[in-house]
Amino acid sequence: MNPHKNQDEGKLASLLLEKIAVLADSPMRLMEVCGTHTVAIFRSGIRSMLPPGVELISGPGCPVCVTPAGEIDQAIALAKREEVILATFGDLMRVPGSKSSLQEERAAGSAIRVILSPLDAVQIAEENPDNTVCFFGVGFETTSPAIAAAVMEAGRRGLANFHLLSSQRLIPPAMRALLSGGGVKIDGFILPGHVSVIIGKAPYCFIAEEFGLPGVITGFEPLDILEGVYLLLRQRKEGRTEIEIQYSRVVQAEGNERARAIMEEVFAPCDSRWRGLGMIPGSGLVLREEFAAMDGAQVFDLPYEEVEDPPGCRCGEVLQGLIRPPECSLFGTRCTPEDPVGPCMVSTEGSCAAYYTYGRGAGGNER
Amino acid sequence: MKDKRITLSHGAGGRLSRDLVEEYFLPCFDNALLRALDDSAVIPAQGQRLAFTTDSYVVKPLFFPGGDIGRLAICGTVNDLAMAGARPLGLTASFILEEGLLFEDLKQVLASMKGAAEEAGVQVVAGDTKVVEHGAAGGLYITTAGIGAIPDGVAITSAQAKPGDVVIVSGPLGDHEIAVLMARGEFSLQGEVKSDCAPLNGLVEAMLQVCTEIHSLRDPTRGGLATVLWEIAQASGAGVLIDEGAIPIRKEVRGVCDLLGFDPYYLANEGRLVAFVPEGEAAKVLKAMQKHPLGVEATVIGKVTAENVGKVLLHTPIGGHRLLEPLSGEQFPRIC
């Protein structure tokens, strides 16, 4: 509604693109780790504007996409119990488990509520004392402090019917696993701004120190992302490899200590399974012993069963940046957002969904 | 599809809703009038052309800022007629009342229907009531049908958009869906956004007075702007090029979208229209719209091209471009 803002944005974008074009004298493959970046890149058309040598590949930073089907099955098993109300974030609804999805279970009669904030699950528990309320808590560092706060709040209100099925994951251990695997060639990272608000800069420093790669903590506006790309190219030109903060209006180098403190009070790190990446040491969060009574995984005796990926589904390789979504033979034919096979087609932040929704056809932006 | 059930996504107005109609309803009732899949069917009747349409209303909650289920039931059907360029002649209204509904609420809904019908200059001329047991109908469901007369010389369909046409929207998008979402209180959101719910036949008449050659008109209800533009591009065999920076969206609406991860181009509206107008007539039509109370904020957002047939291309404010696809299912709030 403000044409001047648009004009300014356009001018700044072309200035940044000129600078990028000057520095892009040889190919550079950059991974945007976070799904929010993937969507912002597609929505703003950045792929259609970058010089051909600069390639953006999507990483494992979509919490829905990396949740293994076995954990979806656990949540479904819980939701099917007569007394249980399962509370969950919206974009988990359509993720396929081995047999069905939460959306299909809701249609078949299970009590499943979509919530926006973990505190809403606490409220549901308070309002439904005769039911068992289980919050299926999926998310990265961005979400974990709020989940920790909800656990504390349920404790404060003395709600014995509130439980957490924790399916939280941490970004830096996954990046280490990705780099140690060595399968994917990456020349630099566009690092997630929101996660970094919590954890700050230090947890990424191993990327530069041990793997010799640059990283820029980047914001989510189109101009932020263009500047992030520019800063990565500039590091290469100047022969530096370090972690820089582009998103300095929001991210502080030391992160948010209070948020980390509440996370650490409630959760301890644990090994965690990632779809596509397998078991990664120290990459998950489990409730500490003091909160065991709220731990859905312990209270409900939910056996975990490994689920094979559906035949032909290559989400695992997509999540590692090994292939682009259109290289999967199911993409856009057997697997669409309406009838997804793999999780990367489900979440709006999944790379397959982003490629499908924004990236096909016109204008050659299917790169 | 063997064990598949209907999910809420089939009702979201996007691709799945269309698949539902095309796979189950069209083959069953197939005929030339239905096949057009426009907002109204156009029936030839002794030298006259009548527009005929029906719609059901199941909104929750029954009352929301800027409207209620009764106002919606009148406006929705009047607007479907207006999108064919028709003047409404009469409406019917059928009510499914749930056991336990407060008479006070019913009275308020009926008064609001009366008000909206007066605004539109149309009467409810027939109706029906049924009562179902508690828990079966969310309080109150309404189905309305409407019939309207299409003036001579007016032929508006989704298949008429032509290269060069200018695309105009009548005001900011997404107000209705965000107002209803907030009124539901599910996401502990509060705000000042009011539904845009309004009868658009007066605005369309004002437009037709200055230009009878309007090619396509749609009200972007479920599925939003993106879905309507895509359907017109498909039906007309043309491309649509939209300047993203020109699409009017209120700051509050954009804020809620950012928070939930919703795309505002898929939000439902109940008192907005999208018009495809020949280039030479666009300035006149835009001026006529802006003079009407429901078109004060009307603005040009794009044009029709001969390239990119069947597609909607969006030019982004930073100078990039991308495709705008129809809504694929329900929009769910994202995690982070």
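Student: In this predicted model, how many of the residues of H14(A) are buried?

Tutor: The model is predicted, and in it helix H14(A) is mostly covered. The buried residues run through A:Ser351, A:Cys352, A:Ala353, A:Ala354, A:Tyr355, A:Tyr356, A:Thr357 and A:Tyr358. Counted against the length of the helix, the buried residues of H14(A) come to 8 of 8.

Student: Which element of chain B helps to cover the buried residues of H14(A)?

Tutor: From chain A itself, the cover includes H2, strand E2 (54-61) and helix H13 (315-319). H14 (351-358) is also among the elements that give two or more residues to the side of chain A that touches chain B. The element of chain B that is included in the cover is strand E14 (321-323).

Student: How many residues of chain A are in contact with chain B, and which element of chain A gives the largest share of that side?

Tutor: On the two sides of this contact stand 49 residues of chain A and 30 residues of chain B. The elements that give two or more residues to the side of chain A include helix H1 (3-23), helix H4 (102-107), strand E5 (132-139) and helix H10 (222-238). The largest share, 6 residues, comes from H1(A).

Student: How do the residues on the side of chain A that touches chain B divide into nonpolar, polar and charged?

Tutor: The side in question is made of the 49 residues of chain A that are in contact with chain B. Sorted by character, these residues divide into 21 nonpolar, 19 polar and 9 charged.

Student: What radius of gyration does chain A have, and how does the value stand against that of a compact globule?

Tutor: Along its principal axes, the C-alpha trace of chain A spans about 65 × 45 × 45 Å, and the secondary structure of the chain comes to 14 helices and 11 strands. Of the 367 residues, 54% count as buried, and residues 24 or more positions apart account for 76% of the contacts with a separation of 6 or more. A compact globule with 367 residues would have a radius of gyration near 21 Å, so the value for chain A agrees with it, at 21 Å.

Student: Which strands pair with E7(A), and in which sense, parallel or antiparallel?

Tutor: Strand E7 (residues 188-192) of chain A is mostly covered, with 5 of its 5 residues buried. Strand E1 (residues 28-34) of chain A pairs with E7(A) in the parallel sense over 3 bridges, and A:Leu30 has A:Gly188 as its bridge partner in E7(A). Strand E8 (residues 215-218) of chain A is joined to E7(A) by 4 bridges, with A:Pro192 standing opposite A:Thr218. The partners of E7(A) are therefore E1(A) and E8(A), and the sense is parallel.

Student: Which element gives the most to the largest nonpolar core?

Tutor: This core holds 210 residues, of which A:Ile20, A:Leu86, B:Ile168, B:Leu229, B:Ala275 and B:Val312 touch the most other members. Leaving aside residues up to four places away in sequence, B:Ile168 touches residues that include B:Ala275, B:Val277, B:Leu286 and B:Met289. The element that gives the most to the core, with 8 residues, is helix H3 (residues 69-82) of chain B.

Student: Which element gives the most to the side of domain 1 of chain B that touches domain 2 of chain B?

Tutor: Chain B is divided into domain 1 (31-149) and domain 2 (166-323), and the C-alpha centres of the two domains lie 22 Å apart. In the contact between them, 24 residues of domain 1 meet 20 residues of domain 2. On the side of domain 1, H3, strand E5 (87-98) and helix H4 (103-120) of chain B each supply at least two residues. The element that gives the most, with 9 residues, is H3(B).

Student: Where does B:Leu37 lie, and is this residue exposed, partly exposed or buried?

Tutor: B:Leu37 has a positive phi, near 50 degrees, in a residue other than glycine. The residue lies in the loop between helix H2 (32-35) and strand E1 (41-45) of chain B. Because B:Leu37 has 14 C-beta neighbours inside 10 Å, the residue counts as partly exposed.

How values were computed:
Residues are numbered from 1 along each chain as its sequence is written. Chains are lettered from A and ligands numbered from 1 in the order in which they are written. This is a predicted model: local features need pLDDT of at least 70, side-chain atom pairs count only at pLDDT 80 or more; totals for chains, interfaces and linings use all residues. Two residues are in contact if their C-beta atoms, placed from the backbone, lie within 7 Å. Ala, Val, Leu, Ile, Met, Phe, Trp, Tyr, Cys and Pro count as nonpolar, Asp, Glu, Lys and Arg as charged, and the others, Gly among them, as polar. The radius of gyration is taken over C-alpha atoms; the globule rule is 2.2 Å times the number of residues to the power 0.38. A residue is buried if 20 or more other C-beta atoms lie within 10 Å of its own, exposed if 12 or fewer, and partly exposed in between; C-beta atoms are placed from the backbone. A nonpolar core is a set of buried Ala, Val, Leu, Ile, Met, Phe, Trp, Tyr and Cys residues joined through C-beta atoms within 7 Å. Domain bounds come from an automatic or database domain assignment. Two strands pair if DSSP finds at least two bridges between them.
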